[in-house]
Structures are given as structure tokens and as C-alpha cells.
Amino acid sequence: MKRIATPNRAVDKFAAGKDGFRAAVPAVSSATEFSDLWFNHVQEAVMRTIEQAGLVQSDTDFDQFVTALNATYARLSSAAFTVSPTALTPAQFDASQKLATTNFLKRVGVQFSGVLNINGANIVGVPAHVGGEINAVGTGAASSYTIPDSIANSIPVGSVIMVANISTSPFALSRQGTDQFFIYSSTGSNSISIPPGTDVLFTLISNGQWVVTGSGSFLNYTLQNVVASRAAGTVYTNSTGKPIYVSVTFSQSTNVSTTAVATAGVASFAGSTTTPVAGSVATVAFWVPAGATYSATTSGGTTTLLYWSEMR
């Protein structure tokens, strides 16, 4: 559509190059003449809007043009979008009042923002992995992955990363920066290794603090024979960042009964008691909370430390 272009139009009425209409001035000038081109422009602009809205032309409906505009274009107030509207996708962690596109929702984790499969490689996590799933795959070398630095990358609280191990080797997960992992404990950890066939969910609960839940977090144990590094009555500290299970067995050296006893934090435990025969055994088994101290010994008689195993 163009502005009026007849010879006696008001030149530059609205701005340079923006001509308009003028009224007649008696004995001085005539009013702007209309042209068929301009009227056809106006008519078609109105009628094609009405037709696009699917309305039938009417001689009596004076609101058709307004009705067509409302049906075709959303109002700024109480907008109702139809068909397939599109919009610019906000930045990944945008928390403003911008419109959220389906792509934005995907990237912030309403559905996984993406899937990364790692086959025997060491991958450094980036912010784009937030909201996604990280998988260790394959039957070869073990994989490793570092969780993105939440502080350096300004990752918002509530963000999640799903990690699964569908390979045949342990999957080593470690932090970046000063982030800490909290695995069913108030004591933070720098890393976790999840066994094959397990998964964990990392949820950011505060700057630098990821809570780790899922099968990989509580099945992340190996049975270890630590008797060579343990002694009866010595106090040790559970620094694994998770509860551990301890089993200690003593052998009776004399013909006097003895009982295996232990402490873990503020708790005390009594195990089995030997018979008054040299060579008989007594065992005590107990859980040690993360960060707690623990020890094991015997009461009465003379014994030798026979076994000390820890599920840690």
C-alpha cells in the first residue's frame, strides 16, 4: 500500500517523503484529489484482512474489520495464540518474564536438554549439559566425567544433571572448582564412582552444593580387606563422605572368654563372645556414619586381630 500520490496532495505533510491530504482553501487551493489506486489500496487492505479471518462480507456488520483483526492478531492484553506461533528462545537459564518456547523448556530440563554418551573417554562437563543425561557406555576402558562448576558458570539452584552407567566399568564422577557432592550425608565429597547398571541424579541445592541421589549413590560400595592397616583399640575416622559398614573378628589366644566391642561416634556395640577355648573367635559388626570416628577391640582375655573388613 502507498500514500496518496495525486498532483495536488500535501507534500511532506507528515515528514519528508510522507505525503498526505489537504483541505480546500477557497479562492486559493483545491482539496487533494483521490485516485482509484489509493482507494483500491484501502479497500483491499481492509477486505483481505476480513477474508483472511474467514469472514463473509456483510452490508450491515460495521465491526467486521475489528473482528478480523482480533481473530488474526493477538492482543497485547489477554493474547490467545493460534496455529503455530514462534518466538525467540531465551537464554538457557533466563528467569525473566520473557515467553518460554518449547526449546527453552527442553534446555532447562523440563525434558532432557540432550544426551551425551561417553565411551572410554574423560569428558569435562559444560553448562550446556545441565538438564541433560550423561551416560557411560561400552565394554572397553572406564569413562569419567566432571560435573560443571556451578559457581563459575552461575548455574541456578534447582538445576539437575542425570548420570547413568550402562557400561561394564565403574563410572568416575568428580567436581570442578570447589563444588561439593552430598551423598546421604552432611559431609561433602569431591567425587563419586558409580557401578555398572546404576544411575544418580545431581541436584544443585545451593551454590557449589550438589545433592546426589539414586541407585549409584547407595550402591557405591566395595568390600575391602583392611586388616593390614587396622589395629585393635585405635580410633579411625570415616572420611568417605558416606556411611560405611565394618566387620571385625578377633581370635582368642587363651582359655578365657572375651567379647568383641566397638564404638562409632557416640554409639557403642557389643558383638559375640568367645568360648573359653584358645582359637575361638568373636565378631562385632556395625555402621559408621560419615565423618564419625570408630574403633574395635575386645573386653577380657588376650586376642589377636584376625579379620577387619569394611564395606566402603
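Arg230, Glu310 and Arg312 are linked in a network of salt bridges. That is where I will start, and note that this is a predicted model. Within that network, the side chains of Arg312 and Glu310 meet with N to O at 2.4 Å. Are these two residues buried or exposed? Both Arg312 and Glu310 are buried.

How many salt bridges does the structure hold? The count is five. I will go through two others, starting with the one between Asp19 and Arg9. In that pair the closest N and O atoms are 2.6 Å apart. Asp19 sits in strand 2, residues 18–20, and Arg9 in the segment before strand 1, which spans 10–15, so the bridge ties together parts that are 10 residues apart in sequence. On accessibility, Asp19 has a relative accessible area of 13%. The cut-off for buried is under 20%, so Asp19 is buried. Arg9 has 24% and is therefore partly exposed.

The next pair is Asp94 with Lys98. Here the closest N and O atoms are 3.5 Å apart. Asp94 has 22% relative accessibility and counts as partly exposed. Lys98, at 56%, is exposed.

Now the helices. Two packed helices are described by the angle between their axes and the distance between the axes. Helix 1 covers residues 36–52 and helix 2 covers residues 64–72; they pack at an angle of about 55°, with their axes 8 Å apart. That angle makes helix 1 oblique to helix 2. Which hand does the crossing of helix 1 and helix 2 have, left or right? The crossing is left-handed.

Next, the surface. Which residues form a nonpolar patch there? The patch consists of Leu223, Tyr245, Trp287 and Met311, and together they have about 420 Å² of accessible area. Take Leu223 as one of the members. Leu223 is in strand 13, residues 223–225. Its relative accessible area is 62%, and the cut-off for exposed is over 50%, so Leu223 counts as exposed.

Then the backbone. Two residues have a positive phi although neither is a glycine. Ala27 has a phi of about 65°. Where is Ala27? Ala27 is in the loop between strand 2 and helix 1, and that helix is the one I described as packing with helix 2. With a relative accessible area of 92%, Ala27 is exposed.

Ser154 has a phi of about 50°. Ser154 is in the loop between strand 6, residues 144–146, and strand 7, residues 160–165. Ser154 is exposed as well, with a relative accessible area of 59%.

Last item, a pair of residues apart in sequence. Asn117 and Ala164 are 47 residues apart along the chain, and their C-alpha atoms are separated by 9.5 Å. Asn117 is in strand 3, residues 115–118. Asn117 has a relative accessible area of 48% and is partly exposed.

To go back over the main items: a salt-bridge network of Arg230, Glu310 and Arg312, a left-handed crossing of helix 1 and helix 2, and a nonpolar surface patch that includes Leu223. Ala27 and Ser154 are the positive-phi residues I discussed.

Notes:
Residues numbered from 1 in each chain as written. Predicted model: local features only at pLDDT ≥ 70, side-chain atom pairs only at ≥ 80, totals over all residues. Heavy atoms only, no water. Patch = residues over 30% accessible without salt bridge, like charges linked within 9 Å, V, L, I, M, F, W, Y side chains within 5 Å. Areas by Shrake-Rupley, 256 points an atom, 1.4 Å probe, with all protein chains shown as cover. Salt bridge = Lys/Arg side-chain N within 4 Å of Asp/Glu carboxyl O. Helix = DSSP H or I, 4+ residues; strand = E, 2+ residues; numbered from the N terminus. Buried < 20%, exposed > 50% of the residue type's maximum accessible area, 1.4 Å probe, protein only. Axes fitted to C-alpha atoms, helices over the stretch in contact; angles between N-to-C directions. Parallel < 35°, antiparallel > 145°, perpendicular 65-115°, else oblique. Left-handed = near helix turned anticlockwise from the far one by under 90°.
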